[in-house]
Amino acid sequence: MKIYLLTHERELLRPTNTGSIATTACGEMVQRVVWQRRHPDPEIVELIQAGDAALVYPGVEAGLSLKPVSAFETFILLDATWQEARKMYNRSPHFKGAERVSLDPAIESAYCLRRNQREGGLCTAECVIELLQAKGFGAMAENLREEFGRFNQR
């Protein structure tokens with residue numbers, strides 16, 4: 001399994017970025033790629049065009065076709081604030097035809113380091129935990145959950 005964190009450049013400098021703990025705790029399974037509107041990462045674009053990766057998409061929107069997490073081995077997460085993630089999605093034409101999966105977490109987000117969190121939304125680390133659990137990487141998910149717990153208490 002491979003998870004790409006498509007990270008907004010502003011997110012790289014934020015001390016509240018949970019993508020950083022996911023990349024540290026999960027090693028090569030989670031890879032950070034900096035999002036660039038004008039020069040999208042060719043590997044990400046190719047994965048999307050080939051249908052080999054799914055964009056982890058929050059919630060269900062009318063007309064969207066969502067597939068189960070079990071159907072994919074490669075995932076793309078937008079690692080940014082909710083507002084930035086929405087802009088990233090809207091400004092990346094290659095996302096429009098991307099396969100999509102939606103997470104159905106059993107618990108609400110515990111993330112408390114930022115204001116204005118979207119109801120029912122998860123932070124990046126929590127999304128990675130959910131994907132790891134769904135794909136049978138329970139020990140790695142638990143390790144990341146513990147790291148996230150320490151990070152979230154700052």
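This short report looks at strand β1 and the nonpolar cores of a predicted model.

Let's start with the strand. β1 covers residues 2-7, and 5 of its 6 residues are buried, so that we can call the strand mostly covered. It has a partner strand in β5 and another in β2, as the table shows.

| Strand paired with β1 | Direction | Bridges | A residue pair |
|---|---|---|---|
| β5 | parallel | 6 bridges | Ile3 opposite Phe75 |
| β2 (residues 30-34) | parallel | 5 bridges | Thr7 with Val34 |

The link to β2 has a handedness too: together with helix α1, the strands β1 and β2 form a right-handed β-α-β unit.

Now for the inside of the protein. Which residues touch the most other members of the largest nonpolar core? They are Ile3, Phe75, Leu77, Val128, Leu131 and Leu144, out of 27 residues in that core. Two or more residues each come from β1, α1, β3, β5, α4 and α5. The largest share belongs to α4, which gives 6 residues. A separate core of 18 residues also exists, and its members include Leu6, Ile48, Ala53 and Met88.

Try finding Leu77 in the structure. Not counting neighbours within four places in sequence, Leu77 is in contact with Ile3, Tyr4, Leu5 and Leu6, among others. Its contacts also include Val56, Thr124, Cys127, Val128 and Leu131.

One general idea is handy when you look at strands: along a regular strand, side chains alternate between the two faces of the sheet.

Terms used
Residues numbered from 1 in each chain as written. Predicted model: local features only at pLDDT ≥ 70, side-chain atom pairs only at ≥ 80, totals over all residues. Heavy atoms only, no water. Core = buried A, V, L, I, M, F, W, Y, C linked by side-chain atoms within 4.5 Å. Buried < 20%, exposed > 50% of the residue type's maximum accessible area, 1.4 Å probe, protein only. Helix = DSSP H or I, 4+ residues; strand = E, 2+ residues; numbered from the N terminus. Contact = heavy atoms within 4.5 Å. Pairing = 2+ DSSP bridges. Right-handed = clockwise from strand over helix to strand, strands pointing away.
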